[in-house]
Each structure stands twice: as structure tokens, then as C-alpha cells.
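Got the viewer open? Let's take a short walk through some charged side chains, one selection at a time.

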Amino acid sequence: MRFGVSTFVTDEGIAPADLGRALEERGFASLFVAEHTHIPVSRETPYPGGGDLPRIYYRTLDPIVALTAAAVVTERLTLGTGIALIPQRDPIVFAKEVASLDFISGGRTALGIGGGWNREEMRDHGTEPKTRMALMRERVLAMKEIWANDEAEFHGEHVDFDPMFSWPKPVRTPPVLVGGWGPKTFDRVLDYGDGWMPIAEDPARIAEGVRELRERAGRRIPVTVYAAPAKKEAVDALIAAEVDEILLYLPTKPADETLSRLDRMAELIA
């Protein structure tokens, strides 16, 4: 069982290099960071968690920049996005950014992805919310082509480019972990993903989902659970659900408070 941390890295919390170093020193296997390019002043789209949108959503660092800072001070820590909002990212630019992070880190990148929920935010990027999932599919497939081929090309409805050169190539093709748990999530995992990354919730439901996905695939699909509570009963239940990795949720706090919390979390996973 692998244990990592999922968190929002902001300008008001612990610095990403300090966080990465602290996680590796305490035996954690991975760091997954959230992203929002911006938050529109309009609050037309309701926050899925209910109530006011938490302050951390307004202040996230770019995930690739934050993970690169963690990469250069660590040797083993997996560096993941949790989640990257693919409908808001240019696939050619993002393919290079992810490949560059993987190259710098020596093959330690993982790409958790999702379609996003804030409709005003994605519209500011020129994305139509109703077609964002089809757009995400083509952008992921296009990035995989860029990573895999010296002369990459892609021709789809939403993404279209003729043969191109793009380096660096990843040391190891970053696994694409499809986030969410909608009616078509498993279709997306099996179509263009390399694993599933559901948000932690009822462990019994997680276990049912794991069984269903693996039965459909006819093989063991890797499952990484995102934002799990740092509580023994929750961890034990997720282990029983036969997931592969548990990302404990780390609140965004200043360095001293974060390090103290990580000490307690490290005892939980020891």
C-alpha cells in the first residue's frame, strides 16, 4: 500500500519545496496538488461542497511549478496533479510542461485529470461546459501522442495538428488517473486512462466501484483515492477495499503547523 498526500499549495501555506522534502523524510510516497487557474468573481456555479468557496481555491500555485519545486529537493516522491483541469489547458503546452517535470524529476510524474466544475472558469478559457469531456478526451490522447512519438500528429474534432517535434520526452510516460465518479467515469478510465482517482467517500461504495471497474476491464486497474481523511478507521476501510494508493488530505497551513500535522499522519501510516 502506498500513502501520499493531497493538498492545495498556495501562497499562504507551506512552500512546495519544504513540503516535498518533509513528505519524503516522513516516508510518504507521493504529493498530489490541486489547481485552479483563477476564480471568476461571479459565483454562478455553486461550490460542490456546499456553502462558500474556501479561500484556498482562490490562491493555488500552478501545479507544475509547485511540483517542480518539490522535485528538485526530493529523490523518490511521486509528483502528481490532483486534479489538472484539462479542458482549461492547451494540450501542446501542457504536454511539454508535464514532460519537462517528468524529465527533471527522473520519471516521477503522475497526471490526475478532471473536467472541472466551475463553468465560468472554463468559459474564460474558451471551453464550452457541455462539451468539456469530449475536449478532455482528445487533449489527453493528443498529449500521449506527443509524449510517445518523435513526429507527433493528432486529428480530432476538438484538437487538430499536423506532424510536430516536441521535446523533452518523459522519462516514463506519466500515468493518467481519471478523477471523478460520474455515470461515464469508468468508460473514460478504460478508454484513455491508466487508473482511477475517486474522491474519498463511503469506503463500501469505493470497494464496489473498484470491483466493478476491474471486472469490466478484466484486469487490475490501479486505484488512487484522493483526499482521504487521516483517520485509522478510514485508512483501514480503504485498504480493505483493495485500492493501490491512499492520498491523505492535508489542510493548507503555514510550515510549523503543517510539519506537526505531518508528524501525526506519519504515525498513522507507519
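Which residue forms a salt bridge with Asp244? Select Arg214: the closest N and O atoms of Asp244 and Arg214 are 2.8 Å apart. Now show the backbone around both, since this pair links distant parts of the chain. Asp244 sits in the loop between α8 (232-240) and β10 (245-249), while Arg214 belongs to helix α7 (residues 203-217), 30 residues apart. Keep in mind that you're looking at a predicted model.

Turn on the surface next. Is Arg214 buried or exposed? Arg214 is buried, because its relative accessible area is 11% and the cut-off for buried is under 20%. Its partner Asp244, at 25%, is partly exposed.

Next stop: select Glu201 and Arg205. They form a salt bridge too, with the closest N and O atoms 2.5 Å apart. Both ends are partly exposed: Glu201 has a relative accessible area of 36%, and Arg205 comes in at 37%.

Now jump to Glu12 and Arg55. Here the closest N and O atoms of the salt bridge are 2.7 Å apart. This is another link between distant parts of the chain, with 43 residues separating the two. Look for Glu12 in the loop between β1 (2-7) and α1 (16-25), and for Arg55 in the loop between β2 (30-33) and α2 (63-71). Glu12 is partly exposed at 38% relative accessibility, whereas Arg55, at 53%, counts as exposed.

Stay there and add Asp11 and Arg59 to the selection. Together with Glu12 and Arg55, they are linked in a network of salt bridges.

Want to keep exploring? A search of the whole structure finds 18 salt bridges.

Note on methods. Residues numbered from 1 in each chain as written. Predicted model: local features only at pLDDT ≥ 70, side-chain atom pairs only at ≥ 80, totals over all residues. Heavy atoms only, no water. Salt bridge = Lys/Arg side-chain N within 4 Å of Asp/Glu carboxyl O. Helix = DSSP H or I, 4+ residues; strand = E, 2+ residues; numbered from the N terminus. Buried < 20%, exposed > 50% of the residue type's maximum accessible area, 1.4 Å probe, protein only.
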